[in-house]
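The exercises below concern the interior of a protein: its open and closed spaces, its nonpolar cores and its aromatic pairs. Each task is followed by a solution in steps.

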Amino acid sequence: MDADSLWFNGHAVTMGDAGVVRDAAIAVRGGRIAWVGPRAAMPEIRATGEHDLGGCWVTPGLIDCHTHLVFGGNRAHEFEMRLEGASYEEIARAGGGIVSTVKATRAAGEEALVASAARRLERLLAEGVTVVEVKSGYGLNLESERAMLRAARALGERHPVTVRTTCLAAHALPPEYAGRADDYVDLVCGEILPALAAEGLVDAVDAFCERIAFSAAQTARVFDAAKALGLPVKLHADQLSDGGGAALAARHRALSADHLEHTSEGGVRAMAASGTVAVLLPGAFYLLRETKLPPVELFRRHGVPMAVATDCNPGTSPAVSLLLMLNMACTLFRLTPMEALAGVTRNAAAALGMATTHGTLEAGKAADFAVWDVGHPAELCYWLGANPCARVVKDGRVVG
């Protein structure tokens with residue numbers, strides 16, 4: 001077998017059927033994994049380049065499957081307000097929250113959005129992230145939503161990372177549509193989504209189904225419009241109350257339902273039947289000082305795959321460390337370290353519709369992997385504030 005590169009003298013956490021492989025070897029050809037397994041079982045491989053892993057551990061490249069990475073300004077003042085007793089809902093209803101970021105994002109130019117997002121992205125990439133989802137949703141009109149998604153595409157063009165874009169125009173009601181939510185949903189379905197999809201800027205469609213955002217009926221209209229355009233859907237669901245969001249996502253065969261602190265067992269059963277991934281967002285849970293835990297035991301019992309993401313956003317999760325989210329998922333939500341690692345690899349790929357190409361170390365998949373200077377994979381969930389990432393490989397090339 002001919003290969004572009006051969007990686008050996010390390011241990012692989014494949015997150016696939018092979019599980020953990022000690023003294024592993026990985027052969028790469030054409031940006032994809034050509035072979036992976038125990039070095040003792042390796043076929044004859046003629047590699048152009050060889051890389052000694054020095055006893056390090058290798059995982060698939062990490063995947064941050066829920067971010068709002070592109071935005072203008074920040075909301076540190078709202079952080080202070082919450083510490084003084086104001087709730088997230090109270091701030092939002094008083095004109096703060098998402099709407100305040102909309103104002104800052106609309107005022108920023110596209111290049112300014114790219115530059116500020118790049119600083120956040122670079123921190124994720126340094127921790128072994130090779131795929132990141134980026135949502136719009138702080139523009140809330142065609143021009144500004146377009147600018148956000150163009151900025152997200154630019155990040156993928158300028159950095160060694162695969163960017164998946166999600167149109168979240170149904171994120172909040174813009175000020176100019178105050179009291180006219182159905183009219184705004186008309187705009188989203190009839191103008192914003194068709195235009196941005198036609199321009200190739202949208203990989204998926206998301207919505208915020210919550211009492212301070214959009215109703216289940218309004219969300220269903222957005223999902224129907226997405227389906228007509230051939231786009232998969234995702235949903236911010238059941239974060240602040242049980243509005244039936246998880247079940248709604250399942251009815252539309254959503255790739256994922258995200259947050260889910262208030263999801264009922266009926267919603268979990270529906271997700272299991274539809275194959276919808278549960279995306280857990282411990283950063284927002286932590287910063288909002290929530291007490292209602294997502295139903296992790298129900299997800300386990302019914303076989304719903306759990307992903308973990310940063311939810312990087314200026315209001316409720318200004319997080320730029322996916323490794324920190326691993327620790328939070330374990331300490332706050334009681335995931336095991338291997339469940340947490342699956343949440344940022346295999347299950348995160350499924351949450352983006354990328355399970356056939358990413359998320360595991362298997363022959364035929366993208367040669368995206370991270371090399372870790374640790375003694376055991378559980379250390380990736382254990383250390384606080386440390387980054388043991390020694391090397392990052394993207395499409396077979398060392399990029400970090």
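## Exercise 1: The pockets

Helix H1 (residues 76–83) supplies 3 residues to the lining of the second largest pocket, the largest share of that lining. The model is a predicted one.

**Task.** State what volume the second largest pocket has, which residues lie nearest its centre, and how its lining divides by class.

**Solution.**
1. The volume of the second largest pocket is about 190 Å³.
2. Its lining comprises 15 residues, and those nearest the centre are Phe-71, Asn-74, Asn-313, Pro-314 and Pro-318.
3. Sorted by class, the lining holds 8 nonpolar, 4 polar and 3 charged residues.

**Task.** Carry out the analysis for the largest pocket, and determine which helix gives the largest share of its lining.

**Solution.**
1. The largest pocket encloses about 220 Å³ of space.
2. It is lined by 15 residues, with Ala-92, Arg-93, Val-99, Ala-172 and Ile-212 closest to its centre.
3. At least two lining residues come from each of helix H2 (88–93) and helix H3 (98–107); the largest share, 3 residues, belongs to H2.
4. The lining consists of 9 nonpolar, 4 polar and 2 charged residues.

## Exercise 2: The cavities

**Task.** Establish how many cavities of 30 Å³ or more the structure holds, and describe the lining of each.

**Solution.**
1. There are 2 cavities of 30 Å³ or more.
2. The largest cavity has a volume of about 120 Å³. Of its 14 lining residues, His-68, Tyr-88, His-171, Asn-313 and Thr-316 lie nearest the centre.
3. This lining contains 4 nonpolar, 8 polar and 2 charged residues.
4. The second largest cavity has a volume of about 50 Å³. Its lining includes Pro-60, Gly-61, His-358 and Asp-368, and divides into 4 nonpolar, 5 polar and 1 charged.
5. Asn-313 is among the residues nearest the centre of the largest cavity and also among those nearest the centre of the second largest pocket.

## Exercise 3: The nonpolar cores

**Task.** Identify the residues with the most contacts inside the largest nonpolar core, and the helix that gives the most to it.

**Solution.**
1. The largest nonpolar core has 104 residues, and Leu-155, Tyr-184, Ile-192 and Phe-299 have the most contacts inside it.
2. Helix H6 (residues 181–198) is the main contributor, giving 9 residues to this core.
3. Another core, of 15 residues, lies apart from it; Trp-7, Ile-33, Phe-369 and Val-371 are among its members.
4. Beyond its neighbours within four places in sequence, Tyr-184 has contacts that include Leu-140, Ala-172, Tyr-177, Ile-192 and Phe-214.
5. Tyr-184 also belongs to one aromatic cluster with Tyr-177 and Phe-214.

## Exercise 4: The aromatic pairs

**Task.** Describe the geometry of the pairs Trp-7 and Phe-369 and Phe-71 and Tyr-138, and explain which parts of the chain each ties together.

**Solution.**
1. The whole structure contains 6 aromatic pairs.
2. Trp-7 and Phe-369 pair edge-to-face, at 5.3 Å centre to centre with 90 degrees between the planes.
3. Because Trp-7 lies in strand S1 (residues 2–13) and Phe-369 in strand S14 (residues 369–372), the pair ties together parts 362 residues apart in sequence. Both Trp-7 and Phe-369 are buried.
4. Phe-71 and Tyr-138 are also edge-to-face, at 6.4 Å centre to centre with 85 degrees between the planes.
5. Phe-71 lies in the loop between strand S6 (62–64) and H1, and Tyr-138 in the loop between strand S7 (129–135) and helix H5 (142–158), so this pair ties together parts 67 residues apart in sequence.
6. The cut-off for burial is under 20% relative accessible area. Phe-71, at 6% relative accessibility, therefore counts as buried, and Tyr-138, at 2%, counts as buried too.

Conventions:
Residues are numbered from 1 along each chain as its sequence is written. This is a predicted model: local features need pLDDT of at least 70, side-chain atom pairs count only at pLDDT 80 or more; totals for chains, interfaces and linings use all residues. Side-chain values use heavy atoms; hydrogens and water are left out. On a 1 Å grid over the protein atoms alone, a cavity is a set of points where a 1.4 Å probe fits but cannot get out, and a pocket is an open set with protein on both sides within 12 Å along at least five of seven lines; lining residues have an atom within 4 Å of a point. Grid points are joined across faces, edges and corners, and a volume is the space filled by probe spheres set on the points. Helices (H or I, at least four residues) and strands (E, at least two) are DSSP runs, numbered from the N terminus. Ala, Val, Leu, Ile, Met, Phe, Trp, Tyr, Cys and Pro count as nonpolar, Asp, Glu, Lys and Arg as charged, and the others, Gly among them, as polar. A nonpolar core is a set of buried Ala, Val, Leu, Ile, Met, Phe, Trp, Tyr and Cys residues joined through side-chain atoms within 4.5 Å. Buried means under 20% relative accessible area, exposed over 50%, partly exposed in between (1.4 Å probe, protein chains only). Contact means heavy atoms within 4.5 Å. Rings of Phe, Tyr and Trp (its six-membered ring) pair if their centres lie within 6.5 Å; planes under 30 degrees apart count as stacked, over 60 as edge-to-face and the rest as tilted.
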